[in-house]
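Morning, everyone. Let me put the model up, and then we'll walk through the packing and the rings.

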Amino acid sequence: MKAGDILAIFYLPPRQQKIYLLLTELAGTICEASLSLEKYITDQILSDQHLDSLRAVKRRGDKNMDLVWKETIRQFVLPFDPEDIIALAYRLHLSLEMITLIGEKTYLYQAYIREEKELMAIITALEKAAGETYQLVTSLPRIKARRRQMGNKCEMIKACRDQGQLNYLQGMAGLYRQENLPPLQAMVQIEIYRTARESLDCCHNVSLVIREMLIKYV
């Protein structure tokens, strides 16, 4: 988070500060999870260590989602309508769950995907989308002043999702063209491809919630 974003939060009333901070922390877990996932997939020597790190991030995100829920129902004065806060937090948490699920499936299915060019491209797009999502959430305290910039961030996330969709289609086509690929291996790779694509869809859904908030609150 940039210094200006921190100052923007702490100029707000204390109770509103907490909601913004909790949402920012939840968005931060998405960035951490995407980085841990990338390291898990590419680092063969320390793969278990990175997977443990990914799971630890998921646990922090679970706790954070619970805190957002409790803080929202506890307060009478909120920066946004309660349903918008919960919708945003839910989709942030779902993004975290899906990123973690990629790592879990890779581990449980014992899949080696680091040589899958198109799948790794989806992971790269996911990492970029996670970073843009975090910047979107940190801009919420200044939603009126940053409306244009936030709209551009939403478009960038959509571009990541569209690129990931193209990589998904190309990857699936490549799998279907491999005549000698064992059926079980093909099923595993297809499953991971789909989970990676859905993870990008989740980040895009976060941007759609914020885009609606830009219309509603600006």
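Start with F80. This is a predicted model, and in it F80 has a relative accessibility of 5%. The cut-off for buried is under 20%, so F80 counts as buried.

Now its partner. Which residue forms an aromatic pair with F80? Y20 does. The geometry is edge-to-face, with 5.9 Å centre to centre and 90 degrees between the planes. Y20 sits in helix α2, while F80 lies in the loop between α3 and α4. That is 60 residues apart, so the pair links distant parts of the chain. Y20 is buried too, at 5% relative accessible area. Add Y217, and Y20, F80 and Y217 make one aromatic cluster.

Next pair: Y168 and Y193. Stacked, tilted or edge-to-face? The ring centres are 6.4 Å apart and the planes meet at 65 degrees. Over 60 counts as edge-to-face, so this pair is edge-to-face. Y168 belongs to helix α6 and Y193 to helix α7, 25 residues apart. Again, the pair links distant parts of the chain. Y168 and Y193 are both buried. The count of aromatic pairs comes to three.

Stay on Y168 for a moment. The charged end of R197 sits over the Y168 ring, 4.5 Å from its centre. There is another such arrangement: the charged end of R55 sits over the ring of Y107, 5.4 Å from the centre of that ring.

On to the core. In soluble globular proteins, nonpolar side chains tend to be buried together. Here, the largest nonpolar core has 63 residues. Which residues have the most contacts inside it? L23, L88, L92 and L140. Two or more residues each come from α2, α3, α4, α5, α6 and α7. Helix α7 gives the most, with 14 residues.

Take L140 from that list. Set aside its neighbours within four places in sequence. L140 is then in contact with Y20, L23, F80, L88, M150 and M213. Note Y20 and F80 there: that is our edge-to-face pair from the start.

Last stop, K63. Buried or exposed? The relative accessible area of K63 is 58%. Exposed means over 50%, so K63 is exposed. K63 is in helix α3, which spans residues 47-74. One distance to take away: K63 and L26 are 9.3 Å apart, C-alpha to C-alpha, with their positions 37 residues apart in sequence.

That's my tour. Questions, please.

Methods
Residues numbered from 1 in each chain as written. Predicted model: local features only at pLDDT ≥ 70, side-chain atom pairs only at ≥ 80, totals over all residues. Heavy atoms only, no water. Helix = DSSP H or I, 4+ residues; strand = E, 2+ residues; numbered from the N terminus. Buried < 20%, exposed > 50% of the residue type's maximum accessible area, 1.4 Å probe, protein only. Core = buried A, V, L, I, M, F, W, Y, C linked by side-chain atoms within 4.5 Å. Contact = heavy atoms within 4.5 Å. Phe/Tyr/Trp six-rings, centres within 6.5 Å; stacked < 30°, edge-to-face > 60°. Lys NZ or Arg CZ within 6 Å of the ring centre and 35° of its normal.
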